[in-house]
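Here is a walk through a few corners of this fold, with the sequence and the model side by side. Keep the viewer open and follow along.

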Amino acid sequence: MSDLTPRGEPAAVVDLLRAWLSGPAGVRLVVETSGSTGSPKRVALSRDAVIASVTASARRLGATGRWVLALPPTYVAGVQVIVRSLVAGHAPVLLERDGWPTGEGWFVSLVPTQLARLLGEDDAVAALRRAHTVLLGGGPIDPGLRERAAAAGVRIVATYGAAETAGGCVYDGVPLDGVAVAVGEGGRIRIGGPTLFEEYVDDEELTAQTLVDGWFVTSDAGRLDEDGLLSVLGRVDDVVVSGGLNVPTVAVAARLREHPAVTGAEVLGVPDEQWGNRVVAFVVGTLSLDDARDWVAEKHPRPWAPREVVVLDEIPLLANGKADRQALLALARAPR
């Protein structure tokens with residue numbers, strides 16, 4: 001039996017996944033990663049892994065029902081929205097075609113960029129208030145965004161996971177039932193449990209490096225507090241060495257987003273002959289380099305402050321709503 005890869009328009013993917021759920025058990029679902037840091041990977045998921053995720057998610061949220069598809073249907077987050085809805089006995093609402101549902105108690109999954117935009121739209125806020133839960137994942141979530149959502153009466157649950165874990169498997173820092181989380185050498189997060197993928201299709205070497213002794217070895221750094229709550233600090237390679245010092249770019253970006261003149265920010269390390277890596281800030285707003293450096297230095301060590309600021313009209317995004325890191329790197333390397 002061949003693998004199945006979701007492709008096409010949302011309605012077509014819904015039909016494909018409906019058939020997959022009721023079809024032969026041995027057919028795997030192959031989902032591509034976003035490729036935000038390089039080439040996309042093809043992740044093979046068994047139906048058991050996908051259903052284990054759906055079941056654990058429903059148990060944690062305390063309810064099931066209709067889901068609204070507001071994400072691309074071919075990435076794992078969109079796939080899981082469709083499957084959760086179908087397993088609950090409901091065709092998903094296709095937001096682009098159908099708009100927001102009129103009733104209450106439904107569910108939706110968003111990325112932070114979407115939520116930030118929707119909180120500025122009265123109709124969207126009124127709709128999100130009617131949702132049972134808004135799952136929020138796919139990138140760093142600034143505390144200010146959660147505060148805005150709470151003030152608007154929108155219930156947010158922050159999720160962490162990957163295509164390799166059949167989507168979000170840690171909700172508000174707590175692993176779903178059956179999911180194991182550990183923090184290994186260098187703070188690297190490892191995940192175990194029934195939602196794990198089987199392999200990267202046609203890449204045995206990467207599979208062997210990533211699936212180790214029953215654990216998925218992620219590319220993310222994190223820490224577990226005394227209560228076992230997971231905090232995700234960013235990708236392991238988000239800590240760059242600049243001038244001989246470790247600079248956590250996620251923390252620098254979060255600080256820049258707090259500036260009143262900034263509506264969006266990402267920070268990357270760019271190879272540099274003098275510094276090893278120079279810290280480059282990409283900001284949407286009006287912020288000079290001196291202002292950016294002073295603002296960061298008010299809260300963090302001054303050596304963390306960016307060496308360069310690139311002002312953009314908007315942060316380039318991938319189809320799944322994550323920042324397009326490769327596009328940002330190209331902008332940093334381009335002559336200006």
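Which residue of strand 12 is the bridge partner of Val43? Tyr200 is the one to click on. Before going further, keep in mind that this is a predicted model.

**The sheet around Val43**

Val43 and Tyr200 are bridge partners, and their surroundings are an open sheet of three strands in the order 1-2-12, with antiparallel pairing. Strand 1 (29-32) and strand 12 (199-200) are the edge strands, each pairing on one side only. Strand 2 (residues 42-45) is joined to strand 12 by two bridges, again in the antiparallel sense.

**Another open sheet, and a hairpin**

Further along the chain you'll find three strands in the order 18-19-20, also making an open sheet, but here the pairing is mixed. Strand 18 (262-272) and strand 20 (308-312) each have a single partner strand, so one side of each has no neighbour in the sheet. From one strand to the next, the twist averages 25°. Strand 18 and strand 19 (residues 276-285) run antiparallel and are joined by ten bridges. One place to look is Val270, whose bridge partner in strand 19 is Arg278. Now bring up helix 11 (residues 325-333): it lies across strand 18, strand 19 and strand 20, and runs at about 70° to strand 18.

There's also a hairpin to look at. Strand 10 (residues 180-183) and strand 11 (residues 188-192) run antiparallel, with four bridges between them. Ala180 sits opposite Gly192 of strand 11. Four residues lie between the two strands of this hairpin, and Gly186 takes a positive phi near 75°.

**How helix 2 packs**

Helix 2 (residues 47-61) meets helix 3 (residues 76-87), their axes coming within 10 Å and crossing at roughly 70°. That angle makes the two helices roughly perpendicular. On the helix 2 side, the contact uses Val50, Ile51, Ser53, Val54 and Ser57, while helix 3 brings Gln80, Val83, Arg84 and Val87.

Helix 2 also packs against helix 1, at an angle of about 105° and with the axes 11 Å apart. Helix 1 and helix 2 are therefore roughly perpendicular as well. Here Trp20, Leu21 and Ser22 of helix 1 touch Arg47, Val50 and Ile51 of helix 2. So who is in each of these groups, by class? The table below sets them out, along with the lining of a pocket.

| Group of residues | Nonpolar | Polar | Charged |
|---|---|---|---|
| Contact of helix 2 with helix 3 | five residues | three residues | one residue |
| Contact of helix 1 with helix 2 | four residues | one residue | one residue |
| Lining of the second largest pocket | 16 residues | four residues | four residues |

**The second largest pocket**

Rolling a probe the size of a water molecule over the atoms shows where empty space is left. The second largest pocket has a volume of about 450 Å³. How many residues line it? The count is 24, and those nearest its centre are Ala70, Leu71, Pro72, Glu96 and Gln114. Helix 1 (10-22), helix 4 (95-98) and helix 5 (112-118) each supply at least two residues of the lining. Helix 5 gives the largest share, with four residues.

Technical notes
Residues numbered from 1 in each chain as written. Predicted model: local features only at pLDDT ≥ 70, side-chain atom pairs only at ≥ 80, totals over all residues. Heavy atoms only, no water. Axes fitted to C-alpha atoms, helices over the stretch in contact; angles between N-to-C directions. Parallel < 35°, antiparallel > 145°, perpendicular 65-115°, else oblique. Contact = heavy atoms within 4.5 Å. Nonpolar A, V, L, I, M, F, W, Y, C, P; charged D, E, K, R; others polar. 1 Å grid on protein atoms, 1.4 Å probe; cavity = no way out; pocket = protein on both sides within 12 Å on 5 of 7 lines; lining within 4 Å. Points joined across faces, edges and corners; volume = space filled by probe spheres on them. Pairing = 2+ DSSP bridges.
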